[in-house]
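Reader: I have a model open in front of me and I'd like to learn how to read it. Could you take me through some features one by one?

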Amino acid sequence: MTATFGERLERVFAEHGRLCVGIDPHAWLLSEWGLPDTAAGTRDFGLRVLDAVEGNAGIVKPQVAFFERFGSAGFAALEDVLASARARGILVIADGKRGDLGTSVEAYGQAWLTPGSPLEADALTVSAYQGVGSLAAPSALAESAGKGLFVLAATSNPEGSALQQARTATGTTVARTILDEVNAWNTEHSTAGLGSIGVVIGATLTLADFDLDIAPVPAPPVLAPGFGHQGASVPDMRSIYGALSNGVIVSESRSVLGAGPDGIRAAVSTRAEDVRQVSA
Ligand SMILES: O=C(O)c1cc(=O)[nH]c(=O)n1[C@@H]1O[C@H](COP(=O)(O)O)[C@@H](O)[C@H]1O
């Protein structure tokens, strides 16, 4: 039987820890790395990040937008990066923040989560603006293929708070509604341990402001951006996430990538150790 995404994630946690290195080839980073601001530059950048991650950490998160800037050539570059990560056994969360309804969102699931697809990743970030129920098709696809989804619940940017803290007719915040509905899916569909469907909760936030401070049981995987460049500090991980901490994936992009091509391997190694310290 195919291992579930949650089981695969727990294995990665045990073997490599919870650091996720973002692959965000900003134009200025390409320049600092001595690479052209082209699709070929993003490919080289992505492959060099994988060189630094291999053996040092277990998870990467390519930000699709930085590849998409170059159209089909950018997607071809991303396909090469995804294939290389698969070959190295590095778990990939494609940060595409896709969201739609019905057969359209199902097609996004097929694009990013079907084994053998050119853009195959292990998990995809998705938006639930159309309701968590709109994600049923890609969730089912993920579950059957041992893949995962990360649903945006409370994002690290300050502009998201008003909408995400707003209360629905039942009095529950939008962010909490998403967390509860994700958890209901996991309880119904996943066997044991971490579920296959996770949430995104920014590390820059005070979880109580979103009614996210009481963790559901079982706690889902939590993709946690906002560490490093956006100001959250890794040693504070447990105090930020409380009872959700056991599922947290610490994600950093610029703070690690800024070390440059010569310094990145050491930067990943140091940061992975910092994350292990706080996870123990
Ligand atoms: O889904 C994400 O990864 C994400 C969610 C969120 O709430 N905030 C957030 O910054 N991100 C992504 O995480 C990365 C953060 O990059 P750094 O701030 O450089 O670590 C970017 O790719 C963002 O798009």
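Reader: Let's start with one residue. What does alanine 123 touch?

Author: Leaving out residues up to four places away in sequence, alanine 123 touches Phe5, Ile93, Lys147, Gly148, Leu149 and Phe150. Keep in mind that this is a predicted model. Alanine 123 sits in strand E4, which covers residues 123-126. There's also leucine 113, ten residues away along the chain, whose C-alpha atom is 6.7 Å from that of alanine 123.

Reader: Is alanine 123 buried or exposed?

Author: For that you count C-beta neighbours, and 20 or more within 10 Å makes a residue buried. Alanine 123 has 28 other C-beta atoms within 10 Å, so it is buried.

Reader: OK, now the strands. How do I read the pairing, and what do the eight strands form here?

Author: The general idea is that strands of a sheet pair through backbone hydrogen bonds, either parallel or antiparallel. Here the eight strands make a closed barrel in the order E1-E2-E3-E4-E5-E6-E7-E8, and the pairing is parallel. On average, neighbouring strands of this sheet are turned by 30° against each other, ignoring direction.

Reader: How many bridges join E1 to E2?

Author: Four, and the two strands run parallel. If you want a spot to look at, valine 21 stands opposite valine 60 in E2. Moving on, E2 and E3 are parallel too, paired over two bridges. There, isoleucine 59 faces leucine 91 in E3, and valine 60 faces valine 92 in E3.

Reader: And what comes after E3?

Author: E3 pairs with E4 in the parallel sense over three bridges, and arginine 98 has valine 126 in E4 as its bridge partner. Further round, two bridges join the parallel strands E6 (residues 197-201) and E7 (residues 222-224). One pair to find there is valine 200 with leucine 223 in E7.

Reader: How do I tell the two faces of a strand apart, and which residues of E2 lie on each side?

Author: In a regular strand the side chains alternate between the two faces of the sheet. In strand E2 (residues 59-62), Ile59 and Lys61 are on one side, Val60 and Pro62 are on the other, and all of them are buried, so both faces are covered. As for E3, seven of its eight residues are buried, so that strand is largely enclosed by the rest of the structure.

Reader: Which residues touch the most other members of the largest nonpolar core?

Author: Val60 and Val151, out of 85 residues in that core. Take valine 151: not counting residues up to four places away in sequence, its contacts are Val126, Ala128, Val132, Leu135, Ile178, Val182, Ile197, Val199 and Val200.

Reader: Any helix I should look at against the strands?

Author: Try helix H12 (residues 260-279), which lies across strands E1 (19-23) and E8 and runs at about 140° to E1.

Reader: What about odd backbone angles? Where does lysine 97 sit, for instance?

Author: Lysine 97 is in strand E3 (residues 91-98). Its phi is near 40°, a positive value in a residue other than glycine. With 16 other C-beta atoms within 10 Å, lysine 97 is partly exposed. Aspartate 211 also has a positive phi, near 60°, and isn't a glycine either. You'll find aspartate 211 in the loop between E6 and E7, where it counts as partly exposed with 19 C-beta neighbours inside 10 Å.

Reader: Which residues does the cis peptide bond join?

Author: Valine 217 and proline 218, with omega at about -10°. Proline 218 lies in the loop between E6 and E7.

Reader: Last one, the ligand. Which residues come nearest to it?

Author: Thr155, Ser156, Pro225, Ser253 and Arg254, out of the 20 residues around the ligand. Sorted by class, that shell has three nonpolar, 13 polar and four charged residues. Strand E8 (248-252) and helix H11 (254-257) each supply at least two residues of the shell.

Methods: Residues are numbered from 1 along each chain as its sequence is written. This is a predicted model: local features need pLDDT of at least 70, side-chain atom pairs count only at pLDDT 80 or more; totals for chains, interfaces and linings use all residues. A residue is near a molecule or strand if its C-beta atom, placed from the backbone, lies within 6 Å of it. Ala, Val, Leu, Ile, Met, Phe, Trp, Tyr, Cys and Pro count as nonpolar, Asp, Glu, Lys and Arg as charged, and the others, Gly among them, as polar. Two strands pair if DSSP finds at least two bridges between them. Axes are lines fitted to C-alpha atoms, for helices over the stretch in contact, and angles run from 0 to 180 degrees between N-to-C directions. Two residues are in contact if their C-beta atoms, placed from the backbone, lie within 7 Å. A residue is buried if 20 or more other C-beta atoms lie within 10 Å of its own, exposed if 12 or fewer, and partly exposed in between; C-beta atoms are placed from the backbone. A nonpolar core is a set of buried Ala, Val, Leu, Ile, Met, Phe, Trp, Tyr and Cys residues joined through C-beta atoms within 7 Å.
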